[in-house]
Amino acid sequence: SFRKALRQSFGRLPLLPAGLRHMLPTAAERGFAAADVPLVTAQSGDSAPPRRFSFAIVQAKLSRCATPFVAGAQAAGRCSSRCSLKRRTACCLVLTPVISLALALTLALAVLPLCVQMFMDAATISLVNCSLGPADATGIDVAIALRLDNGGPVAATIRAFDAVLHTQADGAEAGAEIGRLSFPTLPMAASAPTLLSTTSRLRVSSAAAFRAATAPLLRGEASEWVVRGEATVQVLGRSVRVRLRKRLRMPATRMEEMRATDVSIERGDNATGVLTVASRVSFFSRSSLELVQMGALRVHAYYDAGANDPAVPAAERRARAGRLSSSSVRVGTVLLPNYELRAGYNELEEQIHFDQSLGVEAQEAIGHFFGRWLSGYEQTLLCVGPVGNEAAFLDNISVTTTEVLGVPTPLFTGGLMAEEHTVRGWDVTTGASCDTFQQQTGRCVKGAVVYGKAPGRRSLLFRD
């Protein structure tokens with residue numbers, strides 16, 4: 001294909017000075033010598049016969065090309081057919097470099113763009129790290145560092161250009177368009193890896209395509225995006241237009257070991273049926289892809305009462321409660337006021353709003369959750385979202401599980417049983433001991449004394 005493109009480039013030589021075209025062999029000269037080396041060989045299906053190139057043909061062409069120059073020199077009396085060897089040599093020394101330079105320029109004009117495109121096609125790009133955020137209704141900021149390998153043996157500069165990101169598509173060059181990203185002018189080192197860093201903005205074209213591209217990453221699955229565009233490359237003092245078609249492997253970005261600790265009841269609203277719980281959530285991320293300055297995010301919380309039964313083993317509980325199923329009941333909304341996902345250890349504040357107005361199933365599930373939490377059992381909440389975000393393309397791209405730890409100490413820490421409590425009793429209004437023989441009905445209460453402490457900063461009322 002390279003030889004075919006080269007032949008097509010030589011076929012356009014009439015656009016150049018006529019003298020240069022004489023450098024190519026004519027039909028009569030194609031069989032000039034049996035030992036000629038093929039310059040361009042014919043491909044299957046080509047109508048043009050192969051052209052051959054040899055030193056003999058070059059000599060003949062140089063003589064033909066030099067004729068006008070020699071004629072001019074003869075007219076001026078500087079050169080003639082009978083001139084001395086010294087003058088004839090001087091003419092050749094002047095004409096030969098000029099013609100050779102013209103031939104070199106012609107080859108450069110025809111071959112250089114093909115070589116630059118060839119090296120660009122062979123180059124590979126890989127992601128070093130990437131940060132996404134903040135986001136708004138139209139797009140999301142991107143700070144990205146790429147590594148370019150196999151860029152070619154000559155240093156070059158890629159001028160500023162716009163690239164289009166696509167999803168990966170089986171059996172096709174690219175899938176749906178995700179958005180457009182602007183790159184600044186980027187230098188390329190010769191015969192060495194090149195690190196390219198830039199901060200730009202991804203203008204999202206399709207919310208559905210963005211979700212399809214990012215959802216697998218947040219599930220812990222690596223995927224490929226396709227980068228396409230056209231750019232101008234400055235190389236050897238020339239500007240060459242090239243096409244970019246690259247696959248960029250995006251790393252998985254999974255929140256591992258996500259746990260909610262320091263859970264405490266903040267407030268309840270009988271009018272709305274919402275009970276607000278505050279906690280601190282922590283997790284790890286091993287990915288080079290980060291989400292930063294995302295602002296407040298909300299996700300829906302689901303609870304599977306059967307999977308969270310204390311009799312179910314922990315591994316089975318996480319597997320069953322960690323997927324959305326018919327037994328998953330939505331119990332409220334989780335608010336993350338300042339959400340970020342960075343490489344390494346992360347710790348965030350969150351609020352869980354349990355909403356009893358979601359129905360009878362929600363009320364029963366919320367009751368199970370708090371009963372098991374107060375009993376000290378670890379449970380699994382399923383979070384799906386974000387939801388209601390200003391950047392609509394971020395909605396419903398993540399499904400994560402959060403392990404909610406039970407209260408760290410027993411709710412009731414001790415008790416006391418003595419004659420004062422079991423025989424005489426005490427007055428519930430004053431706390432004074434009752435008389436053994438003169439019990440006042442409705443005021444003297446008998447039974448053991450139990451000591452306990454309510455978790456968090458709110459009081460609890462026990463009944464039944």
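A polar contact is a pair of N or O atoms within 3.5 Å, and within protein one of the two must be able to donate a hydrogen and the other to accept it. The views below are close-ups of a predicted model.

**View 1. Ser 131 and its polar contact with Glu 290.** Ser 131 is found in strand β3, which covers residues 124-135. The side chain of Ser 131 makes a polar contact with the side chain of Glu 290, at 3.4 Å. Is Ser 131 buried or exposed? Because buried means under 20% relative accessible area, Ser 131, with a relative accessible area of 19%, counts as buried. Leaving out residues up to four places away in sequence, Ser 131 touches Asp 141, Val 142, Ala 143, Glu 290 and Val 292, so Glu 290 appears both in this list of touching residues and as the partner in the polar contact.

**View 2. Arg 330 in strand β16.** Arg 330 is found in strand β16, a strand that runs over residues 329-336. With a relative accessibility of 30%, Arg 330 counts as partly exposed, because that class lies between under 20% for buried and over 50% for exposed. When neighbours within four places in sequence are set aside, Arg 330 is in contact with His 300, Ala 301, Tyr 302, Leu 358 and Ala 362. Two of these partners can be described further: the side chain of His 300 makes a polar contact with the side chain of Arg 330, at 3.3 Å, while Tyr 302, although 28 residues apart from Arg 330 along the chain, has its C-alpha atom separated from that of Arg 330 by 4.2 Å.

**View 3. The nonpolar cores, with Leu 202.** In soluble globular proteins, nonpolar side chains tend to be buried together. In this model the largest nonpolar core has 57 residues, and those with the most contacts inside it are Leu 202, Val 233 and Tyr 339. A second, separate core of 24 residues includes Val 277, Val 331, Val 334 and Phe 369. What does Leu 202 touch, not counting residues up to four places away in sequence? Its partners are Thr 138, Gly 139, Ile 140, Val 142, Leu 165, Gly 179, Arg 180, Leu 181 and Phe 210.

**View 4. The two largest cavities.** A search of the whole structure finds four cavities of 30 Å³ or more, and the largest of them holds about 330 Å³ of space. The largest cavity is lined by 24 residues, and those nearest its centre are Ile 125, Leu 146, Phe 161, Phe 183 and Val 227. Several strands each supply at least two residues of this lining, namely β3, β4, β6, β7, β9, β10 and β11. By class, the lining of the largest cavity divides into 23 nonpolar residues, no polar residues and one charged residue. The second largest cavity has a volume of about 250 Å³. Of the 21 residues that line the second largest cavity, the closest to its centre are Met 255, Leu 297, Val 299, Tyr 339 and Ser 398. Strands β15, β16, β18 and β19 give two or more residues to the lining of the second largest cavity, and the residues of that lining divide into 16 nonpolar, four polar and one charged.

**View 5. The two largest pockets.** The largest pocket has a volume of about 760 Å³ and is lined by 21 residues, of which Ile 265, Leu 275, Gln 356, Leu 460 and Leu 461 lie nearest its centre. Which element gives the largest share of the lining of the largest pocket? Helix α7 does, with six residues, and β12 and β13 also each supply at least two. The lining of the largest pocket has nine nonpolar, eight polar and four charged residues. About 380 Å³ of space lies in the second largest pocket, where, of the 15 lining residues, the closest to the centre are Arg 254, Met 255, Glu 257, Thr 400 and Thr 401. The elements that give two or more residues to the lining of the second largest pocket are β12 and β19, and by class this lining has five nonpolar, three polar and seven charged residues.

How values were computed: Residues numbered from 1 in each chain as written. Predicted model: local features only at pLDDT ≥ 70, side-chain atom pairs only at ≥ 80, totals over all residues. Heavy atoms only, no water. Core = buried A, V, L, I, M, F, W, Y, C linked by side-chain atoms within 4.5 Å. Buried < 20%, exposed > 50% of the residue type's maximum accessible area, 1.4 Å probe, protein only. Contact = heavy atoms within 4.5 Å. Helix = DSSP H or I, 4+ residues; strand = E, 2+ residues; numbered from the N terminus. 1 Å grid on protein atoms, 1.4 Å probe; cavity = no way out; pocket = protein on both sides within 12 Å on 5 of 7 lines; lining within 4 Å. Points joined across faces, edges and corners; volume = space filled by probe spheres on them. Nonpolar A, V, L, I, M, F, W, Y, C, P; charged D, E, K, R; others polar.
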